[in-house]
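Grab a pencil and work through these exercises with the structure open beside you. Try each task before you read its solution.

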Amino acid sequence: EAIVQETLERASQAGGIQRHGAVLAGLTRLKQVCNHPAAVTDGPLVGKSGKIDRLVELLQEVLEAGEQALLFTQFARSGSRLQAYLADKLGCAVLFLHGGTPQPERERLIARFQGGEAPLFILSLKAGGLGLNLTAATHVFHVDRWNPAVEDQATDRAYRIGQARRVLVHRLITAGTLEERIDRLLAEKRAL
């Protein structure tokens with residue numbers, strides 16, 4: 001509610017392009033809160049997020065089945081925090097690739113994932129959405145939603161030539177929030 005009120009106040013005081021910028025900034029912060037309130041408070045990731053709790057449950061099932069998963073988020077800072085949290089919570093190696101990852105490190109991370117050294121690979125949408133071949137994954141998780149075309153490109157990292165297994169795609173949405181409205185809007189746009 002505080003973010004909504006702050007966004008409305010900033011938008012009412014601005015004009016033109018600044019007003020649009022204030023609204024988009026507010027929407028981005030609301031989307032981060034949908035992932036976890038700690039995204040804007042810098043608190044711990046333990047508790048307070050049904051989405052993160054459900055993600056952990058689903059990932060435990062993936063790991064118990066001996067499978068691997070890709071997790072896509074558009075927020076690099078959240079991805080970094082999620083990496084540490086999931087590694088601790090699930091007791092396994094969790095890799096993270098983002099736009100600041102140097103090319104040699106990027107190739108090393110991909111080789112580790114494809115070789116089965118780490119069952120979970122978190123990728124920022126911009127850094128991991130194109131040009132990667134990650135067929136070791138049998139699950140793709142979209143932690144936050146925004147652009148269906150970018151999501152599809154990211155999902156396609158697991159649907160590559162050489163993929164012989166089924167790939168399940170999970171889109172996590174926090175009920176009763178902006179995310180639910182975005183999801184409905186994306187479905188309507190796809191239908192068009």
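A polar contact is a pair of N or O atoms within 3.5 Å, where one must be able to donate a hydrogen and the other to accept it. Keep in mind that you're looking at a predicted model.

**Exercise 1. Find the polar partners of D144.**

Task: Work out where D144 sits, whether it is buried or exposed, and which side chain it makes a polar contact with.

Solution:
- Step 1: Start with the location. D144 belongs to the loop between β4 and α8.
- Step 2: Check the burial. The cut-off for buried is under 20% relative accessible area. D144 has 1%, so it is buried.
- Step 3: Look for the side-chain partner. The side chains of D144 and T73 make a polar contact at 2.7 Å.
- Step 4: Now try the backbone. A polar atom of the D144 side chain lies 3.0 Å from the backbone nitrogen of Q74.
- Step 5: Widen the view. Leaving aside neighbours within four places in sequence, D144 has contacts that include N35, K51, F75, E151 and E179.

**Exercise 2. Put the strands in order.**

Task: Write down the order of the five strands in the open sheet, then say which strands stand at the edges.

Solution:
- Step 1: Begin with β1 (residues 69-73) and β4, which pair in the parallel sense over four bridges. Along this pairing, F72 is opposite H142.
- Step 2: Go to the other partner of β4. Strand β5 (residues 168-171) pairs with β4, again parallel and over four bridges, and here H139 stands opposite L168.
- Step 3: Return to β1. Its pairing with β3 (residues 120-124) is parallel and has five bridges, with L120 as the bridge partner of A69.
- Step 4: Put it together. The order is β2-β3-β1-β4-β5, with parallel pairing. β2 (94-97) and β5 each have a single partner strand, so one side of each has no neighbour in the sheet.
- Step 5: Add the twist, which averages 20° from one strand to the next.
- Step 6: Finish with the helix. α5 (residues 76-90) packs on the sheet and touches β1, β2 and β3, and its direction makes about 170° with that of β2.

**Exercise 3. Sort the buried residues of β4 and α8.**

Task: Decide which residues of β4 are buried on each side, and which residues of α8 are buried.

Solution:
- Step 1: Recall a handy rule. In a regular strand, side chains alternate between the two faces of the sheet.
- Step 2: Apply it to β4 (residues 139-142). H139 and F141 are on one side, V140 and H142 on the other, and all are buried, so both faces are covered.
- Step 3: Turn to α8 (residues 148-155), where P148, E151, A154 and T155 are buried. They cover an arc of only 120° around the axis, which puts them on the same side of α8.
- Step 4: Zoom in on T155. With 6% relative accessibility, T155 counts as buried, and its side chain makes a polar contact with that of H142 at 2.7 Å.
- Step 5: Look further along the chain. Beyond four places in sequence, T155 is in contact with F72, V140, H142 and V169.

**Exercise 4. Describe the aromatic pair.**

Task: Name the two residues of the aromatic pair and say how their rings are arranged.

Solution:
- Step 1: Count first: there is one aromatic pair. F113 and F121 form it, with 5.4 Å centre to centre and 45° between the planes.
- Step 2: Classify it. Planes under 30 degrees apart count as stacked and over 60 as edge-to-face, so this pair is tilted.
- Step 3: Check the burial. F113 has 0% relative accessibility and counts as buried; F121, at 0%, is buried too.

How values were computed:
Residues numbered from 1 in each chain as written. Predicted model: local features only at pLDDT ≥ 70, side-chain atom pairs only at ≥ 80, totals over all residues. Heavy atoms only, no water. Buried < 20%, exposed > 50% of the residue type's maximum accessible area, 1.4 Å probe, protein only. Helix = DSSP H or I, 4+ residues; strand = E, 2+ residues; numbered from the N terminus. Arc of directions from axis to C-beta. Pairing = 2+ DSSP bridges. Axes fitted to C-alpha atoms, helices over the stretch in contact; angles between N-to-C directions. Contact = heavy atoms within 4.5 Å. Phe/Tyr/Trp six-rings, centres within 6.5 Å; stacked < 30°, edge-to-face > 60°.
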